[in-house]
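Me: Please take a close look at a single loop residue and its surroundings, and then set out the wider context. I should be grateful for the cut-offs behind each term.

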Amino acid sequence: MKNENVIYMYIKGDVLDIDKIIDDFSGYLYTIIQNAGSFAKEDIEEIISDTYLILWNNQYKLDLDKKLSSYLVGIVKNLIKQKYKVFNNNYENIESYEDILVTNEGLDVVIENNEVNRKIIELLNKIKQDDKEIFYEYYFYSRKIKEIAIENNISESKVKIILHRTRKKLRKELLKGGYSLNG
Amino acid sequence: MDRDSIERIRQMTKDKITVSNFQKDQNMSNKNRRLSIRKIASVACICLVLTSGIVFAKDIEEFIREKFHLGNGVQTAINNGYIEEVKSDYNMSECKIIDSNGNHLNNSDIGIKVDNFFIDNYNFSIDYNVKLDTSFVNVDKINNLRLGDIIITDNENRIIYTETNKENFEKFCDNKKLKYKYLEFNEAYLNTGLNNFIQDFNDSENIINLIYNIYLENEEFPKSEKINICFEKIEFEIKDTNGDLNKFIALGNWNINLEVPQKMINREEQEYEVVSCENENFEVYATKATDTGFELGIMISNIEKPTYPKELDEQKKEIYKNYSKVHKSNTINNNSNAKSLAVATVSSKDITQYYENSPFKSMYEDYYTKQYPIGNVRENFIYWFPKTDGNYIINSNGDKFFVTSYVGTKAKYSFIDENKFDYYTTFDMTKYDLTENVTAVIELYGEPVKIELEKIK
């Protein structure tokens with residue numbers, strides 16, 4: 001019997017093939033979270049993307065012969081419990097949203113980590129589309145400067161300048177907003 | 001789940017990974033970001049860090065071994081032997097396999113056994129192995145699995161957990177000559193909850209490892225000496241070759257008996273007394289360490305219960321108008337004939353973001369600070385506030401223990417009247433972590449209050 005779910009089947013180049021993982025597991029995780037409690041759709045999507053982020057950040061420590069689903073289920077269950085526990089503890093005190101039509105379903109337990117991230121994403125959405133695409137190719141797809149230059153038909157120095165300019169702009173805007181990139 | 005949803009998840013994931021890599025890049029002096037996953041041959045220490053450092057598990061082997069996922073307290077107890085291994089054969093049953101339309105497809109043998117379990121005051125967790133025949137299904141195709149029509153009782157015929165319909169329940173009670181009434185819970189017919197999940201698959205033997213975490217809130221499990229688990233069906237959710245999920249039921253009969261070890265019957269506790277407290281309005285009424293946690297109960301007086309401002313009440317309509325998404329709910333009740341209803345929901349993120357940018361920001365902050373005066377709960381509503389450690393206990397070795405985060409614990413967090421607050425919580429410090437003296441640090445409106453405690457001999 002072929003082990004389709006094993007991690008080494010989800011490697012592309014040197015990193016996890018996150019697109020394939022999203023395609024193969026999102027429905028599965030969606031069902032788990034839906035069965036676990038009453039979360040709004042946006043919160044479920046948030047939990048799932050946080051799950052993939054955790055997996056990505058720890059990809060170098062995974063046992064390649066193990067099933068990917070084991071890791072994903074463990075991560076998502078912990079995330080759900082984090083949200084579910086606080087919700088349960090304080091349900092009796094959430095008077096603000098007692099109305100049947102407006103329900104506060106789920107609490108974002110990763111807010112404290114995502115505040116800076118959210119600000120960066122907000123800033124990235126304001127920069128030029130071409131520059132943003134290059135930024136994502138470097139930081140998301142982990143492409144080398146040379147590869148990005150060839151793909152976009154521009155010089156390597158132009159790629160470096162765009163990245164440098166974008167980083168500088170992000171740092172400046174973050175500092176202005178009182179955020180720090182250092183931990 | 002629709003395609004749009006997957007694409008939103010893809011974009012969110014892409015954003016988060018990009019930003020995470022960017023942050024690491026900025027913080028790393030050596031830009032060696034392109035580590036190859038293939039170079040890492042063996043499992044190393046894993047720290048499930050969500051960008052800025054929340055640790056979910058100490059190391060990967062522990063993470064995988066952490067069967068029940070009930071937090072550090074339970075894991076410490078298990079690591080110190082607070083778990084009962086069960087040596088038994090599989091309980092086999094020849095089953096009728098039925099599809100979602102009620103059609104009988106074929107017969108198949110399914111075996112179940114309990115590998116290990118533990119019981120503490122608020123949890124009864126069971127680690128099952130479910131052995132399936134490959135002629136029915138290969139385990140890696142199983143998306144979800146649940147034991148149906150299950151009744152768990154003890155040697156005194158107390159009902160520990162049940163999930164079945166009224167007819168089956170009454171038939172069970174008649175057979176055993178028990179006088180319980182369906183859904184009328186009492187101290188012998190427990191109102192327990194359940195979290196269950198598939199922990200692992202074993203392809204070569206076609207076995208699924210299934211975890212059942214049965215829990216009570218604010219009341220304790222009785223001192224059962226023997227446990228009986230019986231159920232008559234298993235519900236499967238199986239992925240077909242197109243990736244669609246289909247439901248099947250296996251009808252059979254399984255009966256499993258467990259002997260509870262003395263340490264889980266007696267469940268000895270260690271109490272502490274208060275040596276000093278930095279706030280005279282704190283009255284500590286409970287301090288006890290168990291195998292799986294440390295319970296602390298405090299009555300806080302002279303604390304103002306806030307009134308929800310009328311202005312914020314009026315904002316609710318505004319939020320609903322601008323942010324709510326109407327969707328169909330299938331969870332209104334369990335009646336299979338119920339029609340799905342349209343339910344409007346607003347996500348927590350939309351609500352908090354709305355207030356961050358509204359003229360009612362400080363009114364909102366003031367209300368939630370007073371409404372959630374203890375610990376860092378208010379940070380879930382006011383994420384722009386400076387982050388704090390929250391509540392914790394520290395022992396003489398300098399080990400810090402935080403509030404546990406699973407449902408099976410005793411907890412209170414509410415105003416008793418206009419100026420008294422009852423706070424009861426469980427930390428993940430266990431009997432195995434104790435020192436003669438420990439210090440509890442409880443945050444009141446964001447400011448730490450120290451309580452020094454000494455072991456009672």
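Reply: The account below begins with one residue of chain B and then turns to cysteines and to chain A.

This is a predicted model, in which local features need pLDDT of at least 70 and side-chain atom pairs count only at pLDDT 80 or more, whereas totals for chains, interfaces and linings use all residues. Residues are numbered from 1 along each chain as its sequence is written, chains are lettered from A and ligands numbered from 1 in the order in which they are written, and side-chain values use heavy atoms, with hydrogens and water left out.

B:Ser396 sits in the loop that links strand S17 (392-395) to strand S18 (400-402) of chain B. Strands (E, at least two residues) and helices (H or I, at least four) are DSSP runs, numbered from the N terminus. With a relative accessible area of 51%, B:Ser396 is exposed; exposed means over 50%, buried under 20%, and partly exposed in between (1.4 Å probe, protein chains only). Leaving aside residues up to four places away in sequence, B:Ser396 touches B:Thr435 and B:Asn437, contact being heavy atoms within 4.5 Å. The C-alpha atom of B:Ser396 is 7.7 Å from that of B:Glu436, a residue 40 places away along the chain.

As for cysteines, B:Cys95 is buried at 1% relative accessible area, and B:Cys173 is buried at 2%. Over all chains, the search finds zero disulfides, a disulfide being a pair of cysteine sulfur atoms within 2.5 Å.

Chain A has seven helices and three strands, in the order β-β-α-α-α-β-α-α-α-α. Of its 183 residues, 60% count as buried.
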